[in-house]
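Thank you all for coming; I would like to walk you through one structure this morning, going slowly from one element to the next. Please have the sequence and the model in view while I talk.

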Amino acid sequence: MFKKSASFWLTLSLTSLVIPVSLVANNLRVSALENNTVIAQANPCAGKNPCASNNPCAGKNPCAGKNPCASKNPCAGKSARNVGGPLAKELQGKPVVVDIYASWCPACRNIAPTLSQLKQQYGNKAHFVVFDVSDKAKAKQAEARAKQLGLEDFFNANKSQTGSVTIVDPKTGDILSQYRNNNKLSDYTSVLNTAISQK
């Protein structure tokens, strides 16, 4: 009888210990979950990247269209920002304004008055080169002239860009500015004035 009674009390005692232990464990689990929630709310990285606003590359690539290493790598961007090297001797000493023209091009007609003003204003301070690509014969003549002036690579890359005007430093072949269908005179004069002042 005592053995049964002892085992009964032992079972009862163990059960009474299990219930508080499991309650404590549950409370700890709940507490831990609550703490995790608090931590998650306090963690600025939860749900979003807190560094996004500090990261210049977040949302867009700041290097698109511009190579930050171009000044260190002599070949970087050469095809896009350089016409292929220094221009012919006859173009040296003044900035060169290159116009890709076609008689059938609406953009060319749009910028014609602006180019006329530029020629009047900078006639003796800049060289003006027009590559007429109105038809195959004229395009062939323009290509030969481009080759003679040191602009062959530039012409081949841009001959389809009618209505475009490019200002080039003849000493280096660097493109100072390039516009297409832009009739805003001040855009051209600011670049030309800077280029002329640096000579």
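What covers the buried residues of helix H6? Before I answer, please keep in mind that this is a predicted model, and that every value I quote is computed from it. The cover over the buried residues of H6 includes strand S1, residues 96-101, together with helix H3, residues 106-122, and the strands S3 and S4.

Let me stay with H6 for a moment. The helix takes in residues 185-197, which makes 13 residues, and from its first C-alpha to its last it reaches 18 Å, close to the 18 Å expected at 1.5 Å a residue. Its buried residues are Tyr188, Thr189, Val191, Leu192 and Ala195. Seen down the axis of H6, these buried residues fall within an arc of 165°, so they line one face of the helix.

Now to the elements that supply the cover, beginning with S1. This strand is mostly covered, since five of its six residues are buried, and six bridges join S1 to strand S2, residues 127-132, with the two strands running parallel. If you would like one pair to look up on the screen, aspartate 99 has valine 130 in S2 as its bridge partner.

The other pair of strands is S3, residues 164-168, and S4, residues 175-180, which pair in the antiparallel sense over five bridges. Here serine 164 has arginine 180 in S4 as its bridge partner. S3 and S4 form a hairpin with six residues between them, and in the turn glycine 173 has a positive phi of about 85°.

Somebody will surely ask about the cysteines. Cysteine 105 counts as buried because its relative accessibility is 3%, below the 20% cut-off, and cysteine 108, at 4%, counts as buried for that reason too. How many disulfides does a search of the whole structure find? The search finds zero.

Let me end with the chain as a whole. There are six helices and four strands, and from the N terminus on the elements run α-α-β-α-β-α-α-β-β-α. Of the 199 residues, 27% count as buried, while the chain exposes about 13,200 Å², of which carbon and sulfur atoms supply 58%. Among the contacts with a separation of 6 or more, residues 24 or more positions apart account for 68%.

Terms used
Residues numbered from 1 in each chain as written. Predicted model: local features only at pLDDT ≥ 70, side-chain atom pairs only at ≥ 80, totals over all residues. Heavy atoms only, no water. Pairing = 2+ DSSP bridges. Disulfide = S-S within 2.5 Å. Buried < 20%, exposed > 50% of the residue type's maximum accessible area, 1.4 Å probe, protein only. Contact = heavy atoms within 4.5 Å. Areas by Shrake-Rupley, 256 points an atom, 1.4 Å probe, with all protein chains shown as cover. Expected span 1.5 Å × (residues − 1). Arc of directions from axis to C-beta.
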